[in-house]
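Trainee: I'd like to take a close look at one part of this protein with you. Could you walk me through it slowly?

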Amino acid sequence: MCPLVQFFPGRRMDRMLVCLLLAGMVGAEVQEILSPECKQFLYMGTLPRGLEEQPFKKICQFYAGKPRFITLYDTFSRIPVYSAYTFKRSDGFKKVDVPWMYEPQLSMKSDSREMQHFPSDNHHRSFEDSQAVLEDYSNSVIFERGQLNPDEHQGDLDDKAATYTLTNVVPQVREFNIGPWKNHEHTIRQRLNNYCRGTAYVITGITTSGHTIRRENINRLGIPTYLWSAYCCTNFDHNAPYSERSKFPAFAAHGLNDKVDNRVQEMTVQQLEIFLKKVTYVDSSFQIFYQNCDPATNMLN
């Protein structure tokens with residue numbers, strides 16, 4: 001199913017035509033197999049299942065010569081569908097001050113795989129059709145830039161800096177971003193810091209319902225309805241308190257991107273998958289982690 005029809009109801013034939021055009025522009029790259037150096041951010045090197053038919057673009061986010069995480073990007077709504085990363089132990093404090101960046105891989109005018117700082121002139125006009133630019137957020141009062149791969153879940157300064165690309169950002173209601181969602185990020189950081197003994201794979205994504213941020217009377221950015229997140233850590237502390245041990249090897253959460261009723265609710269990954277099948281365009285085979293993050297599938301992790 002084409003996401004454009006769900007995002008913007010009405011004028012179905014026009015939307016379907018746009019879908020076909022977009023598929024022609026980005027379809028080949030969407031279908032590319034990720035390289036081994038990029039698959040390291042995915043449990044068992046496997047992308048979430050159930051989004052293969054969507055015209056989204058896989059980005060292996062490079063910074064300072066190294067891959068840092070993966071993003072599945074919607075070039076029509078100009079927001080990420082999800083970012084997938086490996087959690088790094090961290091004290092939670094921001095230790096970098098870098099300007100926001102964009103992704104040349106989404107521009108037909110550049111084949112550079114390194115994210116770049118925004119130019120000071122109007123050069124962004126050459127790539128704003130396929131991704132968000134700073135001006136999309138400049139006049140927003142309600143929304144601010146919310147990272148899917150948050151800097152506080154990274155330890156290395158370059159890993160932290162790499163999270164400051166607009167391809168890792170969605171419009172989040174300020175009260176939700178600095179309140180319930182930030183508290184959830186803290187909770188997960190502390191839990192994985194304390195009880196995950198191996199690699200923790202995290203995928204954080206969004207759902208949408210058609211609302212957009214407009215600029216110059218043009219729909220620019222899709223506005224998430226919900227944010228969701230799930231982690232997988234098969235090597236964990238089996239002596240942890242039951243309240244924490246019960247949330248391994250995998251657990252998940254979602255929260256409403258709103259000023260009110262925005263409590264983040266934790267749940268099993270399977271419960272999150274059932275929820276997402278009801279509210280978004282994933283197909284019936286949707287699965288976030290390979291074999292539901294079963295430790296038996298990766299005894300060496």
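Trainee: Which residues line the largest cavity?

Mentor: Keep in mind as we go that this is a predicted model. The lining of the largest cavity is made up of L51, V81, Y82, I206, T207, W228, L276, T280, Y281, V282 and F286. Try colouring those on your screen. Two strands stand out, since β3 (79-86) and β8 (201-215) each give at least two residues to this lining. By class, the lining has nine nonpolar residues, two polar ones and no charged ones. The volume of this cavity is about 70 Å³.

How do we spot a hole like that at all? Rolling a probe the size of a water molecule over the atoms shows where empty space is left. In this structure, that gives three cavities of 30 Å³ or more.

Let's hop to the second largest cavity, with a volume of about 50 Å³. Its lining consists of Y85, Q147, L148, P150, H153, W181, H184, E185, I188, T204 and S229. Here the mix is five nonpolar, five polar and one charged. Helix α6 provides the largest share of this lining, with four residues.

That makes α6 worth a visit. The helix runs over residues 174-195, which is 22 residues, and it spans 30 Å from its first C-alpha to its last, close to the 32 Å expected at 1.5 Å a residue. Look along α6 and you'll find a bend of about 40° at K182. The buried residues of α6 are F176, N177, G179, W181, H184, E185, I188, R189, R191, L192, N193 and Y195. An α-helix has 3.6 residues a turn, so residues three or four places apart point the same way. Keep that in mind while you read the list again.

For a contrast on this helix, find H186, which also belongs to α6. H186 counts as partly exposed because its relative accessibility is 27%, and buried would need under 20%. The C-alpha of H186 is 8.1 Å from that of E152, although the two are 34 residues apart in sequence.

Now for the rings. A pair of aromatic rings is described by the distance of the centres and the angle of the planes. There are eight aromatic pairs in the structure. One of them joins Y102 and F118 in a tilted arrangement, with 5.4 Å centre to centre and 45° between the planes. This pair links distant parts of the chain: Y102 sits in strand β4 (residues 101-102), while F118 is in the loop between β5 (116-117) and α4 (135-138), 16 residues apart. Y102 is buried, at 10% relative accessible area, and F118 is buried too, at 15%. Back on our helix, F176 and W181 make a tilted aromatic pair, 5.7 Å centre to centre with 40° between the planes. Both F176 and W181 are buried. Elsewhere, Y231, F236 and F248 form one aromatic cluster.

F248 brings us to a backbone oddity. Most residues other than glycine have a negative phi, and most peptide bonds are trans. The bond from F248 to P249, however, is cis, with omega near 10°. You'll find P249 in the loop between α7 (242-245) and β10 (250-256). A64 is another one to look up: its phi is positive, about 50°, although A64 is not a glycine. A64 lies in the loop between β1 (57-63) and β2 (66-74).

Key: Residues are numbered from 1 along each chain as its sequence is written. This is a predicted model: local features need pLDDT of at least 70, side-chain atom pairs count only at pLDDT 80 or more; totals for chains, interfaces and linings use all residues. Side-chain values use heavy atoms; hydrogens and water are left out. The expected span of a helix is 1.5 Å times one less than its number of residues. The bend at a residue is the angle between axes fitted to the seven residues ending there and the seven starting there. Buried means under 20% relative accessible area, exposed over 50%, partly exposed in between (1.4 Å probe, protein chains only). On a 1 Å grid over the protein atoms alone, a cavity is a set of points where a 1.4 Å probe fits but cannot get out, and a pocket is an open set with protein on both sides within 12 Å along at least five of seven lines; lining residues have an atom within 4 Å of a point. Grid points are joined across faces, edges and corners, and a volume is the space filled by probe spheres set on the points. Ala, Val, Leu, Ile, Met, Phe, Trp, Tyr, Cys and Pro count as nonpolar, Asp, Glu, Lys and Arg as charged, and the others, Gly among them, as polar. Rings of Phe, Tyr and Trp (its six-membered ring) pair if their centres lie within 6.5 Å; planes under 30 degrees apart count as stacked, over 60 as edge-to-face and the rest as tilted.
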